[in-house]
Amino acid sequence: METKLHAKDVAALLSRACHRDGGSYRDFSSNKPQFEAPGRLPASQVSVEAANNNVPGVPGRAGTYPDQRTLSLDRLLAGIQSRKSQPANAATKIAVFSLAGGVGKTTLATALGRLLSGRMHQVVLANCDSNFGLQHLRGSYSQTVGAFTFVHAPEHTAAFPMALIEAGEYATADERESALKMIRDSSLQADTMLLDLPANRSAHTLECLRTADHILIPLSPDMHSAVTLGWLEELMKRERATGAGRSVHYIINRYDGTRSVHRDMRDRLQSTLGKSLLPFAIREEQQVQDAMRSGLTVIDYAPQSGVVVDLKALGKWVEQLLPQLEFARGMTA
């Protein structure tokens, strides 16, 4: 990653990708992105135009575009006018963390980010685990600009681009500080920052963890997660002792209600964690892994699946933690 990227450079890149009102991203059809200056219609005029036209893929609109990939941006720009100016340092930072591998931490973070961007939230997803790199999102719907990769929703889908940054574990103290600075600078340009943390207790992991406002810990309903739960609670207790005011939330992921061991483990976790355990679980479905192999999140790959219903419940819960921003009704993916 760029070790000398300045805060103003971060702001400019995110601004041009529609993460602020200063510009709009016009075309992602090639490796040479083209930008256009602000010059949008007033919100009232946009709404009148939308009501009087009828375009395939966009309710109430008409006509065609040379590049159908711009349809989602057309709807995005129609809704961005109604958003209030974002206060500085407004991002809510949520760390997705576990000490157990294989609990679906990364797939949960990426699906949640895609869901929130589809609800017109400005999302930055930080990969703090150098072993993975979010490769499954770097496909035909992504575009790399500087230190950022912008992931777009498929055609005919309204959504903000989700920005990915690399803030993984690095060898030197300067590199780790640069990664933390990238997180801080990016959070100033968004309302949601998701941190995908590695499953360890390294100094880098703890430093990233301490930047978060909330910690979301996925647990799989098996003995593997049960063994690490004591370590997690001890770590969270130690972090609270430092005076940090971040909240800790647990969620059961990869849950299969037809298996008695999963039901028993869920009952045990509810008894142990109380209100810290979210009152819904994310079920296990093969479409999640199929989506990753296809370079998509399950939100786009299988939007009618049961797991997406569960993720939408999680998304609504997360929205309660975010800054209250106004955006156009019905502009969701």
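An open sheet of 9 strands runs in the order S5-S6-S7-S4-S8-S3-S9-S10-S11, with mixed pairing. Its edge strands are S5 (142-145) and S11, each of which pairs on one side only. The model is predicted. Two separate nonpolar cores, of 40 residues and 33 residues, are described below, along with salt bridges and ring contacts.

**Strands S3, S9, S10 and S11**

- Strands of a sheet pair through backbone hydrogen bonds, in either the parallel or the antiparallel sense.
- Strand S3 (residues 92-96) pairs with S9 in the parallel sense, over 3 bridges. Here Val 96 stands opposite Leu 216 of S9.
- Strand S9 (residues 214-219) also pairs with S10, again in the parallel sense, over 6 bridges.
- Two residues of S9 show how this pairing lines up. Leu 216 stands opposite His 249 in S10, and Ile 217 stands opposite Tyr 250 in S10.
- S10 and strand S11 (residues 282-283) pair in the parallel sense over 2 bridges. Asn 253 has Ile 282 in S11 as its bridge partner.

**Cover over S9 and S10**

- In a regular strand the side chains alternate between the two faces of the sheet.
- S9 is covered on both faces. His 214, Leu 216 and Pro 218 are buried on one side, and Ile 215, Ile 217 and Leu 219 are buried on the other.
- That makes 6 of the 6 residues of S9 buried.
- Strand S10 (residues 247-255) has 7 of its 9 residues buried, so the rest of the structure largely encloses it.

**Strands S6 and S7, and an aromatic pair**

- Strand S6 (residues 148-151) pairs with strand S7 (residues 162-166) in the antiparallel sense, over 4 bridges.
- Phe 148 stands opposite Ile 165 in S7.
- The whole structure holds 1 aromatic pair. Phe 148 and Phe 150 form this stacked pair, with 6.0 Å between the centres and 15° between the planes.
- Both partners, Phe 148 and Phe 150, are buried.
- Another ring contact involves a charged residue: Arg 266 lies over the face of Tyr 255, at 5.1 Å from the ring centre.

**Nonpolar cores**

- In soluble globular proteins, nonpolar side chains tend to be buried together.
- The largest nonpolar core has 40 residues. Phe 97, Ile 183, Leu 195, Met 236 and Tyr 250 touch the most other members.
- Leu 195 has contacts beyond its sequence neighbours, leaving out residues up to four places away. Among the residues it touches are Ile 94, Val 96, Ala 126, Ile 183 and Cys 208.
- A second core is separate and has 33 residues, including Leu 137, Phe 280, Ala 291 and Val 307.

**Salt bridges**

- The whole structure contains 10 salt bridges.
- One of them joins Lys 105 and Asp 196, with the closest N and O atoms 3.0 Å apart. Lys 105 belongs to helix H4 (residues 105-118) and Asp 196 to strand S8 (residues 192-196), so the pair ties together parts that are 91 residues apart in sequence.
- Both ends of that bridge are buried: Lys 105 has a relative accessible area of 9%, and Asp 196 has 1%.
- Asp 185 forms a salt bridge with Lys 181, with 2.8 Å between the closest N and O atoms. Both residues lie in helix H5 (residues 173-187), 4 residues apart, which is about one turn of the helix.
- Asp 185 is buried at 10% relative accessible area, whereas Lys 181 is partly exposed at 32%.
- Arg 293 and Asp 290 meet through their side chains in a salt bridge of 2.6 Å, N to O. Both lie in helix H9 (residues 286-293), 3 residues apart, again about one turn of the helix.
- Arg 293 is exposed, with a relative accessible area of 62%. Asp 290 is partly exposed, at 22%.
- Arg 210, Glu 239 and Arg 246 are joined into one network by salt bridges that share partners.

How values were computed:
Residues numbered from 1 in each chain as written. Predicted model: local features only at pLDDT ≥ 70, side-chain atom pairs only at ≥ 80, totals over all residues. Heavy atoms only, no water. Phe/Tyr/Trp six-rings, centres within 6.5 Å; stacked < 30°, edge-to-face > 60°. Buried < 20%, exposed > 50% of the residue type's maximum accessible area, 1.4 Å probe, protein only. Lys NZ or Arg CZ within 6 Å of the ring centre and 35° of its normal. Core = buried A, V, L, I, M, F, W, Y, C linked by side-chain atoms within 4.5 Å. Contact = heavy atoms within 4.5 Å. Pairing = 2+ DSSP bridges. Salt bridge = Lys/Arg side-chain N within 4 Å of Asp/Glu carboxyl O.
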